[in-house]
Amino acid sequence: MKFGVVVFPGSNCDQDCLYVTRDVLKQSVKYIWHKDTNLDGLDCVILPGGFSYGDYLRTGAIARFSAVMKSIAGFARKGGTVIGICNGFQILLEAGLLPGVMLRNKGLHFICKHVYIKTENNQTRFTNLYDRGQVLKMPVAHNEGNYYIDAAGLKDLKDNNQIIFRYCSPEGELSGQFNPNGALDNIAGIINKKGNVLGMMPHPERSSEKQLGTEDGCFIFKSIVKWLQMRKA
Amino acid sequence: MIVEIYITLKKTVSDPQGLTVKHALESLGYKGLTDVRIGKLVIIEINFKDKKRAEKEINQMCKKLLANPIIEDYHFKIKEQ
């Protein structure tokens, strides 16, 4: 399978994403500079974490007008697999490829720690190797992860099973106590209606090897590979 | 002309930064504060003679990039030089 990792000025998880797909998953992968528009031959595009354009104005607000984003919108429209992690998630929201918006963390702090998230929907191309309700340990590192959407939007997300991950306790209990940033309804990750675009705040690329304390994140990438292989077979 | 654009969070959106500043002001002894909201001020110098045209373009800029309509409101003042 062929992965592409987008590089914006200020991306800083691009190398980790490339490393995981190439060295851990043994897949083919290349960088896509934000001025490139050619996504031919790619099966999956990864928008990595970081601080694209210095987070100026609003997180992701400037990156979403990069040349590459037009191609990614077209790629997504045709059913291509897109995953946005952290700043990548913020860019997908600004671009309107996912609904909602990120506010500043409720406690005003930049949060950098391991959290637990619950797999709310495992019937997706990103989560097919997890069990429903499985609790995953992954790190977060962000200042704007306080997900917000209006009441009608939240209902829509619920009605269509678009909430994929929620912050929880190590045992899987959902409550405000285990919500690191104030995100509405403990939302840590959502998918679009079509099911081919995922955005999540926790970093699966930083939790894909035992040496890092958790390899729970690796199964997101492995799920994608499995799904793509099944579709191509 | 100079355009001052004010961008603020919608009333329905919580503003943790504003709330923290409110608490800080109260701890300094200021009383009677009912709300504090933090916003952004963008100052644009623009080489237009036509005010109507400037208004139209500034509105577009705000909708496209400067404000996120899901959470933010904006208004602006045009100042002749």
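This is a short dialogue on reading strands, helices and a chain contact in a predicted model.

Me: Let us start with pairing. How do strands of a sheet pair?

Reply: They pair through backbone hydrogen bonds, either parallel or antiparallel. Chain A shows the mixed case: nine strands form an open sheet, with mixed pairing.

Me: In what order do the nine strands of chain A run?

Reply: The order is E2-E1-E3-E4-E11-E10-E9-E6-E7. Its edge strands are E2 (28–33) and E7 (135–142) of chain A, each pairing on one side only. From one strand to the next, the twist averages 25°.

Me: Take one pair. How many bridges join E1 of chain A to E2(A)?

Reply: Six bridges join them, and the two strands run parallel. E1 of chain A covers residues 2–7. For a single partner, look at Lys2(A): its bridge partner in E2(A) is Ser28(A).

Me: Next, a helix against the sheet. Which strands does helix H3 of chain A lie across?

Reply: Helix H3 (residues 87–94) lies across strands E3 (44–47), E4 (81–85) and E11 (197–200) of chain A. Against E4(A), the helix runs at about 115°.

Me: Now chain B. How many helices and strands are in chain B?

Reply: Chain B has two helices and three strands. From the N terminus on, its elements run β-α-β-α-β.

Me: Is chain B spread out or compact, next to a globule?

Reply: Its radius of gyration is 16 Å, well over the 12 Å that the globule rule gives for 81 residues, so chain B is more spread out than a compact globule. Along the principal axes, its C-alpha atoms fill a box of roughly 50 × 30 × 15 Å. Buried residues make up 10% of the 81 residues.

Me: How do the strands of chain B pair, parallel or antiparallel?

Reply: Strand E1 (residues 2–9) of chain B runs antiparallel to E2 (residues 39–45) of chain B, with seven bridges. Tyr6(B) stands opposite Leu41(B) in E2(B). E1(B) also pairs in the antiparallel sense with E3 (residues 72–79) of chain B, over eight bridges. There, Glu4(B) stands opposite Lys77(B) in E3(B).

Me: Last, the interface. How is its size often given?

Reply: Often as the accessible area lost when the parts come together. Here, read it by residue contacts: eight residues of chain B are in contact with eight residues of chain A. On the side of chain B that touches chain A, helix H1 (residues 16–27) of chain B gives the most, with three residues. That side divides into five nonpolar, three polar and no charged residues.

Technical notes:
Residues numbered from 1 in each chain as written. Chains lettered and ligands numbered in written order. Predicted model: local features only at pLDDT ≥ 70, side-chain atom pairs only at ≥ 80, totals over all residues. Pairing = 2+ DSSP bridges. Helix = DSSP H or I, 4+ residues; strand = E, 2+ residues; numbered from the N terminus. Axes fitted to C-alpha atoms, helices over the stretch in contact; angles between N-to-C directions. Contact = placed C-beta atoms within 7 Å. Nonpolar A, V, L, I, M, F, W, Y, C, P; charged D, E, K, R; others polar. Rg over C-alpha atoms; globule rule 2.2 N^0.38 Å. Buried ≥ 20, exposed ≤ 12 C-beta atoms within 10 Å, placed from the backbone.
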